[in-house]
Number of protein chains: 2
Amino acid sequence: MKQSQLFTKTRREPPSDEVAKNAQLLIRAGYIHKEMAGVYAYLPLGLRVLNNVSRIIREEMNAIGGIEIQMTALQDKEKWVKSNRWDDAVVDVWFKTALKNDAQLGLGFTHDEALIDILKNYIASYKDLPRYIYQIQTKFRNELRSKSGIMRGREFLMKDLYSFTRTQQELDAFYEKVQRAYHNVFRRCGIGDSTYLTFSSGGTFSQFSHEFQTISDAGEDVIYVDQAKKIAVNKDVLNDEVLKGLGLTRSNLVEKKAIEVGNIFRQGTRFTDALGVYYADEKGERQSLYMGGYGIGVSRVVGTIVEVLADDKGLVWPKEVAPFAVHLIAIAGKSGEKVSAAADNLYADLEKAGVEVLYDDRDVSAGGKLADADLIGIPTRIVISEKTLEKDSVEVKERASGETKMVALSVAIDHFA
Amino acid sequence: MKQSQLFTKTRREPPSDEVAKNAQLLIRAGYIHKEMAGVYAYLPLGLRVLNNVSRIIREEMNAIGGIEIQMTALQDKEKWVKSNRWDDAVVDVWFKTALKNDAQLGLGFTHDEALIDILKNYIASYKDLPRYIYQIQTKFRNELRSKSGIMRGREFLMKDLYSFTRTQQELDAFYEKVQRAYHNVFRRCGIGDSTYLTFSSGGTFSQFSHEFQTISDAGEDVIYVDQAKKIAVNKDVLNDEVLKGLGLTRSNLVEKKAIEVGNIFRQGTRFTDALGVYYADEKGERQSLYMGGYGIGVSRVVGTIVEVLADDKGLVWPKEVAPFAVHLIAIAGKSGEKVSAAADNLYADLEKAGVEVLYDDRDVSAGGKLADADLIGIPTRIVISEKTLEKDSVEVKERASGETKMVALSVAIDHFA
């Protein structure tokens, strides 16, 4: 894409109403627009990143047998009353609204109940199990405060996967599979090294649940990390008994602030029993259905990548999530037409070779273009100028490492394709 | 995908609470689930169709220079008050809700105001124009009644494109381009022959707007069609003066019921002036910005395809929107293992060749499988059975035409890849 066609512009100063680094940088670089606190529109660059993270998650969910659907934001009251999650005293993040006939509706903050209601039509016998079903869908949560940019949204994109199995053992086996898939997701998103499987409270569901926590000073959680064992314990559940049970020693733990990028729960039979969905076993006898729930905050992952990887010049995107692979920058100088022609040709050739390129064809100073490129954070920058053309070359710089090299124009396409 | 992994099942009888053919068939075939009237979840097959229609629209919007973003459902009151569209007496389809601090919010029924607010940051001078920006996003409309299945949703997927130009002439030129792009969309969705560019009321915007109306008895609109000229006039604006202006003769018009699948409006400067977004021309003088708005109801298009193309046996999908290209059906009979092995091999080979296949590997009667295949409506059905294997062949049937032929197993892959 030509940058002149991108309608967004960068800005030098962060917006005065944002305290979170992720929102400041993403707004400065033109990735997102703040509709209100916790509610952000995704502009062209931001949407490309969001879609890339969604694609990675989708691939990993499909690889473990997940099948994708799309549930609805509008939820009627009935099924949430059955599970005792309709009352605002029980769930305090509902946005509620109403039909013209005054029937009360809620905006889905999660979809356990909604999916179970669907599955009533499709699960009857043990032959219909197991099922692994997910969606990547907008959630609404009426948070009292929302100051963490896209990391704590009132409206945000989430992947929620649900498993339905005959037994606790089958649930446990799939639960392990999801852990491995989640590690793949966070590794591909460039935050694998700083993301820890973390023991947390199971709430009403079970003794423990697991969170995936990414170390960052921007985090709202405190965790205790055993770096050698690559696991952590949430402060909320840390006590001697728990440590003993997990085989951890307090002296090996380091306290860190962290961002919860994913969580996995064993709901067991709580919701399925409440909503009356069972299966018939081989003998035709009615049995409870075991449920697991597995979330990843898609937009929160985008924010976390920013918090963890950005530097003082701007955003730094890992290859798989970057909005473009290459940022091509023409610095016209005195021999403007020659440089422009060479850059136009290279742009056309890269596009033809299937490389995703953002081509800065704007009439802007060299310094402005280079600063914008640093702020936007595309992994590889190619500069073509009078100086590089003297050597029939382009200058290539990696955004993350800052490494620079010259590449001959004659081999540039092979180099990047 | 193996059909045994698809969690949905077909049902023989339509649900008692649906009168619309599209909802009846899509529910019977397991494509959608009704959350409440006008609110439907998309199950695996349905989501694949919805995504295919979105992809077609996205390709056509990109081809005319559109750039994609994603705005938010939650909308704050302020900007809608400025354009006089907040009041329920003016816009009667708002769903409204509130933050914890009682600040009122609405769920976006359209996004003109929201986009203009974003563009305040990015349009200053004539150099920033023209801009063509679209999204494919969930809209919420609190309809009093919703009995047309997915054709009139309270929560539904819509593509909305907006153009911003310096002059009425530039707006008119782009408006023509969008018309051609829309014809491409509806042709690729298999409803091109029955979809007419239709003159309609411009409302407060201009003398006329245009709708794209697809002839169907399920339609809620009445239009008058000139089949030779391939244009139509909405009943609401039909009078002698209009006919004269359009060069149409009443005797050449045929009255038809039709479904509005798209509409295009010239908003002109109404919203941009109201929200105070202008541009500076070459002389630095402030000028009004011309806006156009162009909608396609993505989920409504899916419903319309069903209404227009389905037959008494079930759904009939055109190639580009079908959830799968091929429905492979193994009919085991007496020599079950031999048939299953041959079908497994063919399935693996088709997948390897990149063909999207739904493979009916279920333990179900031949009659049941064939009836399900007709109901599900995938364009090409391949049957492999004891009988076809005697001839080292498969039987291939086109869902739309009913044409059947035998294809040798040795050339089957080349045939479908």
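This short presentation covers the domains, the symmetry and one sheet of a predicted model.

Good morning, colleagues. I begin with chain A. Its domain assignment gives domain 1, residues 21-309, and domain 2, residues 326-416. Taken over C-alpha atoms, the centres of domain 1 and domain 2 of chain A are separated by 41 Å.

I turn next to the two chains. A turn of 180 degrees, with a shift of 0.0 Å along the axis, lays chain B on chain A with an RMSD of 0.0 Å. The two copies are therefore related as by a two-fold rotation axis. Within chain B, the C-alpha nearest that axis belongs to Thr97(B), at 2.6 Å from it. As for the contact itself, 97% of the interface residues of chain B are also interface residues in chain A, so the copies meet through the same surface.

Let me now describe a sheet in chain A. This open sheet is formed by 5 strands in the order β18-β17-β19-β20-β21, with mixed pairing. Its edge strands are β18 (357-360) and β21 (404-408) of chain A, each of which pairs on one side only. On average, and ignoring direction, neighbouring strands are turned by 25 degrees against each other.

Inside the sheet, β17 (residues 326-331) and β19 (residues 380-385) of chain A run parallel and are joined by 6 bridges. Leu328(A), for example, has Ile382(A) in β19(A) as its bridge partner.

Which helices pack on this sheet? One is α9 of chain A, residues 336-352, which touches β17, β18 and β19; its direction makes about 165 degrees with that of β17(A). Another is α12 of chain A, residues 409-416, which touches β17, β20 (393-398) and β21. The direction of α12 makes about 110 degrees with that of β21(A).

Thank you for your attention.

Key: Residues are numbered from 1 along each chain as its sequence is written. Chains are lettered from A and ligands numbered from 1 in the order in which they are written. This is a predicted model: local features need pLDDT of at least 70, side-chain atom pairs count only at pLDDT 80 or more; totals for chains, interfaces and linings use all residues. Domain bounds come from an automatic or database domain assignment. Copies are superposed by least squares on the C-alpha atoms of residues with pLDDT of at least 70 in both. Two residues are in contact if their C-beta atoms, placed from the backbone, lie within 7 Å. Two strands pair if DSSP finds at least two bridges between them. Helices (H or I, at least four residues) and strands (E, at least two) are DSSP runs, numbered from the N terminus. Axes are lines fitted to C-alpha atoms, for helices over the stretch in contact, and angles run from 0 to 180 degrees between N-to-C directions.
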